[in-house]
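Biologist: Please take a close look at one part of this model for me. Start from a single residue, follow its partners, and then place that part within the rest of the chain.

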Amino acid sequence: MSVKAFLAYVSLEKNYSSHTVKAYGNDIGDFKRFCKETYDISNIEAVSYSQIRSWIVSLVNDSISNRTVNRKIASLKAYYKFLQRVGDIEVNPLAKHKALKTSKKMEVPFSEAEMSALLKQISFKEGFEGIRDQLMIELLYTSGIRRAELIDLQLVDLNLRGGTIKVLGKRNKERIIPLLGGITDLFVQYLIARDELESIVDDDYVFLSKSGHKIYETLVYRVINKYLSEVSQKAKRSPHILRHTFATHLLNKGADLNSVKELLGHSSLASTQVYTHNSIAELKKVHLASHPRNKK
């Protein structure tokens, strides 16, 4: 019951996304299974740090990355913090735990040339799916929205006449995002093709599969990966890289950090600053090429 109460708390009170709540539940469930199989303990509220430490060791021995291990432990730590808050335990066994060291991931955005090649040279399929796929790619790149925000976009969120969309971000925070003119035109084409589907099951949602159902995460990933593979050999070809590319290109063109922060829906500038390393590299090029004191 306490796990259910915790998941309800992070969902309803903390307004965490369904994806985060599911991850919390899976991580806690994995630890419960470990405790049952290893120590024959069903009540994980009574475990010690040494038992949690043995789980960490087993995860590392199973070649689970340090980053993933840290995420699982963070889920468990949040659970114990909740139990402490409601008075079920007195001491959080993970209170003094230090996260495992991880190497910083360097995500390489797509260049302007690669994105231009994708949007101008690639031939999309004829009909509904081709228009949908093109719209998904262009919307992710020109708006910076998250994959989950794209999937959950509803017809009532569109204001094509005003050139904006409304998205529901993390912790149910709404934000309004402006659309480029070309995207508005593509939306109109897509909605016409959408209306011609044989059946529509999830009528409220903008992006649908050919069968009329709301699109899902793997479909979006598959589409993005397929088309990006045609213009780039980069290892990372995910929807998130388009968000990363969006932010980097804006910053390269002189957009201020606060504006990019608002467009991305970040709660703090620290989250947005991870995108600045590429912009700094671009600034260095401009600085070296332009400053009179640079010896050429």
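**Strand β3 and the loop before it**

Modeller: Let's begin with R175, a residue that is buried, its relative accessible area being 9%. That counts as buried because the value falls under the 20% cut-off. Please keep in mind that the model is predicted. Across the protein the pLDDT averages 88, and 90% of the residues score at least 70.

Which residue does R175 meet in a salt bridge? The partner is E149, with an N to O distance of 2.9 Å between the two side chains. R175 sits in strand β3 and E149 in helix α7 (residues 147–151), so this pair ties together parts that lie 26 residues apart in sequence. E149 counts as buried too, at 3% relative accessibility. Both ends of this bridge are therefore under the 20% limit for buried residues.

E149 has another neighbour to look at, G169. The two C-alpha atoms are 6.4 Å apart in space, while the residues are 20 apart in sequence. G169 belongs to the loop between β2 and β3, and with a relative accessible area of 14% this glycine is buried. E149 of helix α7 thus links our starting point to the loop, through a salt bridge to R175 and through the C-alpha separation from G169.

Now stay with that loop, which runs between β2 (164–168) and β3 (174–178) and also holds R171. Is R171 buried or exposed, or does the residue fall in between? R171 counts as partly exposed, at 47% relative accessibility. The loop therefore holds a buried glycine, G169, and a partly exposed arginine, R171. R171 also takes part in a positive surface patch, together with K14, K77, K81, R85, K170 and K173. A residue needs over 30% relative accessible area and no salt bridge to join a patch, and the 47% of R171 is over that limit, so the accessibility condition is met.

Which residue lies 7.5 Å from N172, C-alpha to C-alpha? That residue is S17, 155 residues away along the chain. S17 is placed in the loop between α1 (2–13) and α2, and its relative accessible area of 29% makes S17 partly exposed. The patch brings in the early part of the chain as well, since K14 is among its members.

To place this part within the whole, look first at the other charged pairs. The structure holds 13 salt bridges. One of them joins D203 and R194, whose closest N and O atoms are 4.0 Å apart. Here R194 is buried, with a relative accessible area of 2%, whereas D203 counts as partly exposed at 43%. In another pair, D40 bridges to K36, with 3.1 Å between the closest N and O atoms. D40 is exposed, at a relative accessible area of 56%, and K36 is partly exposed, at 41%. There is also a network of salt bridges that links D27, D30, R33, R71 and K72.

D40 deserves a second glance for its backbone. Though not a glycine, D40 has a positive phi of about 55°, and its place is the loop between α2 (18–39) and α3 (49–61). S63 is another residue other than glycine with a positive phi, here near 65°. S63 sits in the loop between α3 and α4 (66–85) and is exposed, with a relative accessible area of 67%.

A further contact across the sequence involves E114, a residue of helix α5 (residues 112–121). E114 is buried, with a relative accessible area of 15%, and its C-alpha lies 6.1 Å from that of V231, which is 117 residues away in sequence.

Finally, a word on where confidence runs high or low. The mean pLDDT is highest in strand β1 (residues 158–159), at 96, and lowest in helix α13 (residues 276–290), at 58. As you go back to the structure, I would keep the starting picture in view: R175 of strand β3 bridges to E149 of helix α7, and E149 has G169 at 6.4 Å, C-alpha to C-alpha.

Definitions and conventions. Residues are numbered from 1 along each chain as its sequence is written. This is a predicted model: local features need pLDDT of at least 70, side-chain atom pairs count only at pLDDT 80 or more; totals for chains, interfaces and linings use all residues. Side-chain values use heavy atoms; hydrogens and water are left out. pLDDT is the predictor's confidence in each residue, from 0 to 100. Helices (H or I, at least four residues) and strands (E, at least two) are DSSP runs, numbered from the N terminus. Patches are made of residues with over 30% relative accessible area and no salt bridge: like charges are joined within 9 Å, nonpolar side chains (Val, Leu, Ile, Met, Phe, Trp, Tyr) within 5 Å. Accessible areas come from the Shrake-Rupley method with a 1.4 Å probe; for residues, only the protein chains shown count as cover. Lys and Arg count as positive and Asp and Glu as negative; His and the chain ends are not counted. The place of a charge is taken as NZ of Lys, CZ of Arg, CG of Asp or CD of Glu. Buried means under 20% relative accessible area, exposed over 50%, partly exposed in between (1.4 Å probe, protein chains only).
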